[in-house]
Structures are given as C-alpha cells and as structure tokens.
Amino acid sequence: MVGFKHTLCALLLTMVTGVAIAQNNTNSPYTRYGFGDLSDQGFGNSRAMGGVGFGLRDGAQINPLNPASYTAIDSLTFLFEGGVSLQNMNVSANGVKLNAKNSSFDYLAMQFRLHPRLAMSIGLLPFSNVGYTVSDTQTATDPETGNTTAYARNYTGDGGLHQLYGGLGFKVLQNLSVGVNVSYFWGDINRSRAIYYPNMSSAYKFQQNTVASISTYKLDFGLQYTQQIDKKRTMTFGAIYSPKQKLGNDYSVTTMLVSTSTGLSESTTSLKPDAALGLPNTFGIGVTYNYDRRLTVGLDYSLEQWSKAKFESNSTDASVNEDFTETYAFTDRSKISVGAEYIPSLTGRSYLGHVKYRLGAYYTTPYYKINGEKAAREFGVTGGFGLPIPRSRSILSISGQFVRVSGQGANVLNENIFRVCVGLTFNERWFFKRRVE
C-alpha cells in the first residue's frame, strides 16, 4: 500500500510538471479564433458521462462544474484527483487531410470538509488551448495592367489560458447547497501572420506578431437541491451562473517588413492598453436521477453569451495595418449533455460488480464566427469505467471520447478526434482519531 501511495505521488508531480510544457496541446485550425479551443472543465466521471455535472453529487469524486456539489463529501474523506489525456485528430478540408497526435494535462485538484456544513476544493486546470499552423496561396490582379501576382499567407499560433481555482460549498439545508469558485486566470496567446511573394525577388515580406498576456480573476456560482422520492430514489436539480468578466491584459503587436532581396527589415511594436478582451455570462441547469446509489442518469444544458463578449484590439496607431488588427466576431454557445453511470453491485466480492460503467453524449456549437456565420457544429459520444483500486477507496477513471467537428459554410473544415482520458482519484480517510490499544 505504501508503494502504491509513492507511485501515486510521483504521477501527480509529473502532472504538475506537465503544466509548464504542455501548453500547446492542440493542432486545430479552429483555434485561430478568439481564445482558442475551450477545455472541458469536468473531471473523470463527468468526461465519461458526456460532460454532465450541474446536478451531479458524488462524495467520492470532485465536481468543479458546480461548487455546490462539494458538500457531498463526508467528514472523514480527503480527495486528491489528477488527470491527463491523449488524442488523435484527423483534419480534412478541400481534399487535404492532416493527422496530429497530442497529449495534455487536464486537471489536478483536492477536496475536503472544513465544517459539517462547509467543504472546500482547490484545483488547477486549463481554460483554453491555442495551437495551429495554416497556410494558403492567393493571387492578386493589378486593375491597371491586368497582371496577376501570386502570394502566400501563413498563420501560426500557440499558447492558452490556465486557471487556479479555490471553491467553497455550503449546505444551507439538509437537501439544499450553494457554492462559489474563485478562479485566477493567466496565460499568453501568441499569433503570427505573414504575407510573402515567392515569385518576386524584389518584394517585401509582411509579418505581424501579436501577444496577449492575460491575468485576471473569474467567479462561478452554483446551487443544488436534492429531492428524496422514496427510500431508493432521489433527484438532484442543479444550476450555475458565471458573470461576464473583462480580462486584464497586456496586448502588443509587432509589425515587420523584410526585403526578400536585401534582407533588410524594419519593425514597429505597438502596445494596446485599450484591448477589449472578456468572458461571457454563463448559465447552466441540470438534473440527475439516482436509483439505489447504483444507477445515475443526468441531463445538462448550458448557454454562454459570447455574442456580448469581445476579443478585439482597437488600435489608433497609424503604423499598424488595420487589416491585420485582432477582431473576432462571437456568437452564443449552447451545449446539451446526457450521461449515465451504473454500478452492478455495492456489496459482494466480485471486482467487476464494483466497477462504475459510464456512457454519455453531447452536442454543442462553437462561440466564434467565420465570415459572419457560425463556424461549425460539434457532437461527441463518450464512455468509460471507474475502476476501484484494490484495498483502497481510490478510483482509476478511464474514458474514451469520439468528437466530430463539422464545418459549416463554403470552406468546410472537418475534424474527427478520438481522445483517451485517464484520471486518478486518491480517496483517503484522513480526519479520524486513531485508537491505540
């Protein structure tokens, strides 16, 4: 048992180290827009159940999707949870296909009770990821001579946002809990765009690099109400709300002109303290049905009002080409999730009888627009297991996710993603008095 604990600590320390090196863990061209790909905020059990979590109450696993759920933990339990994922992505557009493989740090958190009515959770997880390289070739026609000139465009980006949260859940009544998460956000989003003329020796190469360094806070509120139907059946109703938040940031733009014949270059750097970056109002409701503590079925719906949020830099610097300023059009993002978890037996000696079998699905739309239209639709199916660790109360969560991102509009870009998530929940009884004979 001691060896298992040492192995667990080494694994969790490896996850923490991975935060510093795994910031760019995606190759999606869609991360070119806004804050990039928004990370799944759920942990092991939620990810295998289609992402449900607003009404989920499980005293054996952490659920930051609704901080009111923290009060489900009992007085003797200390939870320590971490997760990583591996993914294989296939991208196709206009007959061109690309395959990319990535790994990522997903989350690291702990949870414990402070008082019979008060519980706390602290965690670290990514909020968004940016990582892409996109290039194409265009032609321009001189209106006077009618001559055409070929030029190439190249877009690259990396980075993302991390969040460190501290949350409290308070049990107002026996069946009513409220909670709040306070998160600190930080991270850099780096983007580079270039235009060059490969067939002209006397032309200039235009390049612009933008860096958004973000540091701010965020609040998330939650509520859960549990209704006892009879001795074996309960229903839990959950709701969450996150108010819109302007992001503190340092935004800089460096523009460079390089002569392809002489190699001489000139560059200007502009700081933009007036960059308007913000997060939207978020609303969510969910319900779970539990039968005999063995079957849990959940349904969630959320709405993020990105149409009222911004990611733009309103530069008045004449040295900056206004065609290259960062301005993105957002649209509201909605998501519906459904999931279930089944445990064959709570007693008995059969190991398979104690395994948690999970299944789920979800549908969502992106928060960014391309050419004034919604960029894509996304749906996924999930499944997995919660495997008990022998001679302990800990759980190893393994899940698989198949995600289909279907592009809309004229330039269709499709993504097929298969992702494997591995999470480990260390469940230990720490807060009890040992009796010495």
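In the labels used here, a helix (H) is a DSSP run of H or I with at least four residues, a strand (E) is a run of at least two, and the numbering starts from the N terminus. With that in hand, here's a quick tour of this model, which is predicted. The chain has three helices and 22 strands. Of its 437 residues, 48% count as buried.

**The chain as a whole**

- Take the contacts between residues at least 6 apart in sequence: 68% of them join residues that are at least 24 apart.
- The chain's accessible surface adds up to about 21,400 Å². Carbon and sulfur atoms account for 58% of that surface.

**The nonpolar cores**

- In soluble globular proteins, nonpolar side chains tend to be buried together.
- Here, the largest nonpolar core is made of 35 residues. The ones with the most contacts inside this core are Phe 35, Leu 277, Trp 306, Phe 311 and Phe 330.
- Which elements give two or more residues to this core? They are strands E2 (77-93), E4 (118-141), E5 (148-173), E6 (176-196), E7 (204-228), E10 (249-259), E12 (276-279) and E21 (395-407).
- E4 supplies the largest share of this core, namely three residues.
- Another core, of 10 residues, lies apart from the one above. Among its members are Ile 62, Ile 73, Leu 79 and Tyr 107.
- Back to Leu 277: leaving out residues up to four places away in sequence, Leu 277 touches a long list of others, including Phe 35, Ala 212, Ile 214, Leu 247, Tyr 251 and Phe 311. Gln 245, Lys 246, Asn 249, Lys 310 and Glu 312 are also among the residues that Leu 277 touches.

**A buried lysine**

- Lys 218 sits in strand E7.
- Is Lys 218 buried or exposed? Lys 218 has a relative accessible area of 12%, so this lysine counts as buried, since the cut-off for buried is under 20%.
- The side chains of Lys 218 and Asp 220 are joined by a polar contact of 2.5 Å.
- Not counting residues up to four places away in sequence, Lys 218 touches Asn 181, Val 182, Ser 183, Phe 185, Ser 242 and Leu 279.

**A nonpolar patch on the surface**

- Phe 170, Val 172, Leu 173, Val 178, Leu 223, Tyr 225 and Phe 237 make a nonpolar surface patch of about 540 Å².
- Two elements give two or more residues to this nonpolar patch: E5 and E7.
- E5 gives the most to the patch, with three residues.
- Val 178 is found in strand E6. With a relative accessibility of 31%, Val 178 counts as partly exposed.

**Salt bridges**

- Side chains of opposite charge can pair when their charged atoms come close.
- How many salt bridges does a search of the whole structure find? The search finds seven.
- One of the pairs is Asp 106 with Arg 47, whose closest N and O atoms are 3.1 Å apart.
- Asp 106 lies in strand E3 (residues 96-115) and Arg 47 in helix H2 (residues 44-48), so this pair ties together parts that are 59 residues apart in sequence.
- Asp 106 and Arg 47 are both buried.
- Asp 230 and Arg 233 form a salt bridge too, with their closest N and O atoms 2.8 Å apart.
- Asp 230 counts as partly exposed, at 30% relative accessibility. Arg 233 is partly exposed as well, with a relative accessible area of 31%.
- Arg 294 and Asp 292 also meet through their side chains in a salt bridge, at 3.2 Å from N to O.

**Two loop residues with a positive phi**

- Asp 292 turns up again here: Asp 292 isn't a glycine, yet has a positive phi of about 60 degrees.
- Where does Asp 292 lie? Look in the loop between strand E13 (282-291) and strand E14 (295-304).
- At 25% relative accessibility, Asp 292 counts as partly exposed.
- Arg 391, not a glycine either, has a positive phi of about 60 degrees.
- The place to find Arg 391 is the loop between strand E20 (376-388) and E21.
- Arg 391 has a relative accessibility of 78%, so this arginine counts as exposed, because exposed means over 50%.

Definitions and conventions:
Residues numbered from 1 in each chain as written. Predicted model: local features only at pLDDT ≥ 70, side-chain atom pairs only at ≥ 80, totals over all residues. Heavy atoms only, no water. Core = buried A, V, L, I, M, F, W, Y, C linked by side-chain atoms within 4.5 Å. Buried < 20%, exposed > 50% of the residue type's maximum accessible area, 1.4 Å probe, protein only. Contact = heavy atoms within 4.5 Å. Polar contact = N/O pair within 3.5 Å; in protein donor to acceptor, adjacent residues only side chain to side chain. Areas by Shrake-Rupley, 256 points an atom, 1.4 Å probe, with all protein chains shown as cover. Patch = residues over 30% accessible without salt bridge, like charges linked within 9 Å, V, L, I, M, F, W, Y side chains within 5 Å. Salt bridge = Lys/Arg side-chain N within 4 Å of Asp/Glu carboxyl O.
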